[in-house]
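Work through these exercises with the model open beside you. Try each task before you read its solution.

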Amino acid sequence: MESSSGERKDTQLQNFDADHSSGFSFKQNIQSILEHAPAMICIVKGPEFIFDVANEKYLQLVGYRDVIGKKVKEVLPEVENQGFIQILDNVYKTKKPYFGEEVPIKLNNAEGIPHLSYLDFVYQPILDDSHNIEAIFVHAVDVTEKVQSRKKLEESEGKLREVIDTVPSIIWMTNTQGNSIYFNKYWTDFTGQSMEDALLFGWVGAVHPEDRQEIEELVKEAHKTQEPYNTTFRVRNRKGEYRWVIDKGMPKYSCQGEFDGMIGTVVDVHEEKLKEHLVSEKEHRIRSMVEDATVATAVYIGREMRIEMANDAMLQVWGKDRSVVGKTLRQSLPELEGQPFHGLLDKVYTTGVIYWGKEDRVDMIVDGKMKTGYYNFTYKPLRDNNGEIYGILNMAVDVSEMVSTRNQLKESEVHFRQMSDLMPDKIINVDAKGKILYLNQSWSTFTGKRVEEIKDEGWLQFLHPEEVEQYLEKWNQSLFTEDYFEMELRFRDKFGKYKWHLSRAEAVRDDSGKIKMWIGTNTEIQKIKEEEKRKEDFLKMVSHELKTPVTSIKGYIQLLLSLIKSKDKSKINHIPFEPSLERIDHQIGRLTRLISEMLDLTRIEDNQLELQWKTFNLNDLIDETVQDINYTNTQHKIKVFHEYMCNVHADKDRIGQVLINLVTNAIKYSPDSQEVEVTVRKAENAKVAVTVKDFGIGIAEKDHKNVFKRFYRISKKDDETYAGFGIGLFLANDVINRHNGTITINSKEGKGSEFTFTLSVESEN
Ligand code: ADP
């Protein structure tokens, strides 16, 4: 207050001046006022500046020196060189007041030690009526503290500024509007902008044109919202290169807590940004590669297997959409519970050992349906920079089709193997060099040896010794010429019996026509062979049988002719016509029977044997037939027992033929017995049974069935003993079968035979 207005002081002193004549008491009074005034006050008089008045404060300033009545120069010698005396001189001369502000003054204290103070002071001339200077009023306020603290502040601010300017990053400040009010020198160093250019929004001129608008808006917005910000943009450096920087701004507040603009830093992060860019580009590239890959790929993070990423191929495998990303595998694919995958993943996560799944079966719900698939896949642990496992990379390839094709193939292989094993043919598969690759089960069934054994030992052991040489020759030739192989040969069966086989082999070639392997079949043709043999024998027999009666007939006729042509009358008269013609007739009968049997045979073979059905008396037929036989065969005695009399509806001629066959056989095969019995009996189910019994050579049990076969003849050592063609019983059996009857045999070797046939009874007699 004291220093605020010189005017008022002036007035007070005028008053003081006006009343000074009124006596000491006023002075005393004023003295007391001055004593209590908070300022240092004194009055000096005359050109020598003699202290007239000084208050307590002033005295304190001068170290309580005894100043009153003494010259300034004398009592305060130390101020003489500090300019104060000159100022006082000047005021004295000019009669104009002097205002000093924060003027330093060094005064000795009570101990005589110089002490620096700062003073705001006024030297106010006191004028008398005639405008002569009477005294100088000194009013001073000690502002030492204020000055010193400001000086300190200035000093520290200076230091701070120095520090700020040496910080190797750009520092800036703005006002509340966002206008830049300060940049440290690094901004200038960095951009080459002058400080003037940079202030307000001038710094935007150094920002990359593409980033300018955005950053300016951002700064303005941050000042509006008073929120901190952090952004990256490009700034042109002194060399004209654009560098990436991070600009961070923080609101600053006044002592009153009001928003006072912002303070912030700009840091060059160009290299890092480029690296980051590269890394993110790389990651992006890898990601997009993975995303587009046809290999189903997913990344799981953490032990809980959170799906970090799954490409479309993987989503397709799962039958799920993109919403599973971010969820755990358990949440996304609950159907995997109970399947081994969670366990496997956990193990990979724990052990760090990669898992390779090969054609593993996976059951998943796809489109709401449980679907089984087969996959080749990997669970690969993912490690961070410290080598710690943080996740698992799962890559999978769907091989369901391959597996199912192979399964189908396996199935069909099993199927064909089964078929092949069930085939009666012996199938063999050998490689191009003849090494056995496969034998079907038939080999084992036939030979009694295990297939593996045969594979090891080969099958030549079963071949009939008589065929080995020829076989080897032919087979080697086929191997050499690559031609189809075919040969009839005999294999020994498990009972040691040789059976005829038709052996065939054909080469299987690859795409280039090279022989891959051979497939061979060995078909048993024993029966065909036997039949062939029988046919051969039959033909031999037929020619023999035909030849015998024809030769015999020819002989009789030649005999008769020669006798007739004879000139010898006595011979002519004794030509044995009757017996010769009887013999001839007999032989013709044999021929006729032979021919008709052969005709029947061909008819049966062509299925053209037709029956002439009529009802007749069976007992009569038997009697007539036996009589006929008796007529030509006088040696044997044929007894007929009619235990049952009936009519039958049948082909009379053919039933007669059956009877003839059975009775003539009975005669033929009982050379040492003359008895044959024919019995007619009632049989079950309205049938009649006719039995022809002899007491001849009989038939062994094993041949019972065979005798009804075509051309079958029981081979005897002396083949010629019993003439025949082996078709009689075959025909008889066929005829009886056509009549819905049966023909059975009851015989033992050497004990005679019994042949019985049955027919349906038409009516009993
Ligand atoms: P074959 O013309 O040879 O007699 P069959 O068909 O009549 O032809 O008879 C077949 C075979 O059955 C004969 O070769 C014979 O070995 C045997 N056989 C037929 N009947 C008798 C029988 N009564 N006693 C013994 N063997 C018989």
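**Exercise 1.** Find where Glu482 sits in this predicted model, and state what is notable about its phi.

*Solution.*
Step 1. Locate the residue. Glu482 belongs to the loop that joins helix H17 (465-481) to strand E18 (485-492).
Step 2. Read the backbone angle. Phi of Glu482 is positive, about 65 degrees, although this residue is not a glycine.
Step 3. Recall the general pattern. Most residues other than glycine have a negative phi.
Step 4. Check the surface. Glu482 has 36% relative accessibility, so it counts as partly exposed.
Step 5. Look at another glutamate. Glu359 also has a positive phi, about 50 degrees, and is not a glycine. Glu359 lies in strand E13.

**Exercise 2.** Decide whether His464 is buried or exposed, and find which residues it touches beyond four places in sequence.

*Solution.*
Step 1. Place the residue. His464 is in the loop between helix H16 (451-457) and H17.
Step 2. Apply the cut-off. Buried means under 20% relative accessible area. His464 is at 12%, so it counts as buried.
Step 3. List the contacts. Beyond four places in sequence, His464 touches Arg490 and Tyr498.
Step 4. Compare chain and space. His464 and Lys499 are 35 residues apart along the chain, and their C-alpha atoms are separated by 9.1 Å.

**Exercise 3.** Do the same for His704: where does it lie, and is it buried or exposed?

*Solution.*
Step 1. His704 lies in the loop between strand E25 (687-694) and helix H23 (728-738).
Step 2. The relative accessible area of His704 is 11%, so this residue is buried.
Step 3. Set aside neighbours within four places in sequence. His704 is then in contact with Ile699, Ile745 and Ser747.

**Exercise 4.** Write down the strand order of the open sheet of 5 strands, and explain why one side of E12 and of E13 has no neighbour in the sheet.

*Solution.*
Step 1. Give the order: E12-E11-E15-E14-E13, with antiparallel pairing.
Step 2. Find the edges. E12 (306-310) and E13 (355-366) each have a single partner strand, so one side of each lacks a neighbour in the sheet.
Step 3. Add the twist. From one strand to the next it averages 35 degrees.
Step 4. Inspect one pair. E11 (residues 296-301) and E15 (residues 389-398) pair in the antiparallel sense over 6 bridges. Thr297 stands opposite Met395 in E15.
Step 5. Add a helix. H10 (residues 270-292) lies across E11 and E12, and runs at about 85 degrees to E12.

**Exercise 5.** Show which residues of helix H13 are buried, and which are exposed on its other side.

*Solution.*
Step 1. H13 spans residues 341-351, and its buried residues include Phe341, His342, Leu344, Leu345, Val348 and Tyr349.
Step 2. These residues cover an arc of only 165 degrees around the axis, so they lie on the same side of H13.
Step 3. Turn to the other side of H13. Lys347 and Thr350 are exposed there.
Step 4. Find the cover. The buried residues of H13 are covered by elements including E11, helix H12 (329-332), E13, strand E14 (369-383) and E15.
Step 5. Step past the helix end. Just after H13, Gly352 takes a positive phi of about 75 degrees.

**Exercise 6.** Trace the strands that pair with E20, and describe the turn between E19 and E20.

*Solution.*
Step 1. Strand E16 (residues 426-431) pairs with E20 (residues 515-524) in the antiparallel sense, over 6 bridges. Ile427 has Thr521 as its bridge partner in E20.
Step 2. Strand E19 (residues 498-509) also pairs with E20 in the antiparallel sense, over 9 bridges. Here Ala505 stands opposite Gly520 in E20.
Step 3. E19 and E20 form a hairpin with 5 residues between them. In the turn, Gly513 has a positive phi of about 90 degrees.

**Exercise 7.** Name the residues that touch the most other members of the largest nonpolar core.

*Solution.*
Step 1. This core has 49 residues, and Leu618, Ile655, Val688 and Phe757 touch the most other members.
Step 2. Helix H22 (residues 652-668) gives the most to this core, with 7 residues.
Step 3. A second, separate core has 30 residues, including Tyr58, Val91, Leu107 and Ala140.

Terms used: Residues are numbered from 1 along each chain as its sequence is written. This is a predicted model: local features need pLDDT of at least 70, side-chain atom pairs count only at pLDDT 80 or more; totals for chains, interfaces and linings use all residues. Side-chain values use heavy atoms; hydrogens and water are left out. Two strands pair if DSSP finds at least two bridges between them. Helices (H or I, at least four residues) and strands (E, at least two) are DSSP runs, numbered from the N terminus. Axes are lines fitted to C-alpha atoms, for helices over the stretch in contact, and angles run from 0 to 180 degrees between N-to-C directions. Contact means heavy atoms within 4.5 Å. Buried means under 20% relative accessible area, exposed over 50%, partly exposed in between (1.4 Å probe, protein chains only). The arc is that of the directions from the helix axis to the C-beta atoms. A nonpolar core is a set of buried Ala, Val, Leu, Ile, Met, Phe, Trp, Tyr and Cys residues joined through side-chain atoms within 4.5 Å.
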